[in-house]
Amino acid sequence: MRTLDTPLHVLVNNVGTNIRKKTLEYSDDEVDALMRTNLISAFDLTRGLHPLLCIAGGASVVNVASTNGLTYARTGAPYSMTKAALIHLSRYWAVEWAADGIRVNAVAPWYIRTPLTEGVLSNEAYYHEVVGRTPMNRVGTPEEVAHAVTFFCMPASSYVTGQCLAVDGGFTQYGF
């Protein structure tokens, strides 16, 4: 059990959901739910844990965003704007909290085989379109994202902060 004086060395904000619709089809409640799940939860949790991250000295925060925060990828405006905001929040905190000994970075995955993408990737035509826009000609794995997150948490990245690493098989070089 953590106490108020136990250091926290690593925090990974890896929560997200999506509702795929055209902009004008979203209800206010759906937009609010996406904002709260994808952005506000990371903001509130990280802000609340800031004192424990400070105690650690050299702590690392990694926010799991999305390539949708970097470029257009027709999966819904609210999802994309939450992920863009998460990337910018990472940059902001990297500057604000550097003096506290806290590094903050983000990873931006493209399509990764997860329960969240299972439904859309089961559509064969859409799957082939996704893979066709990915220079590595495949969908990523959760382990590949985990390796990028791990890098940001290791001493090997001790001089890296405010960065967003796209784990995308080259997708952001094309767009969708």
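In this predicted model, strands β2 and β3 (residues 102-109) run parallel and are joined over 6 bridges. Within that pairing, N63 lies opposite A106 in β3. The connection between the two strands passes through helix α2 (residues 77-96), and β2, α2 and β3 form a right-handed β-α-β unit.

β2 also pairs with strand β1 (residues 10-13), again in the parallel sense, over 4 bridges. Here V12 is the residue opposite V62 in β2. From β1 the chain crosses through helix α1 (residues 28-56) to β2, and this β-α-β crossover is right-handed.

The pairings of β2 are listed below.

| Partner of β2 | Residues of partner | Sense | Bridges | Opposed residues |
|---|---|---|---|---|
| β1 | 10-13 | parallel | 4 bridges | V12 and V62 |
| β3 | 102-109 | parallel | 6 bridges | A106 and N63 |

How many of the residues of β2 (residues 59-64) are buried? The count is 6 of 6. Neither face of the strand is left uncovered: A59, V61 and N63 are buried on one side, and S60, V62 and V64 are buried on the other.

The largest nonpolar core contains 18 residues, and L53, V61, L86, I102 and V104 have the most contacts inside it. At least two residues of this core come from each of α1, β2, α2 and β3. Leaving aside residues up to four places away in sequence, L86 touches N38, L39, A42, N63, V64 and A65. There is also a second, separate core of 10 residues, with A73, Y111, V130 and F171 among them.

Note on methods
Residues numbered from 1 in each chain as written. Predicted model: local features only at pLDDT ≥ 70, side-chain atom pairs only at ≥ 80, totals over all residues. Heavy atoms only, no water. Buried < 20%, exposed > 50% of the residue type's maximum accessible area, 1.4 Å probe, protein only. Pairing = 2+ DSSP bridges. Right-handed = clockwise from strand over helix to strand, strands pointing away. Core = buried A, V, L, I, M, F, W, Y, C linked by side-chain atoms within 4.5 Å. Contact = heavy atoms within 4.5 Å.
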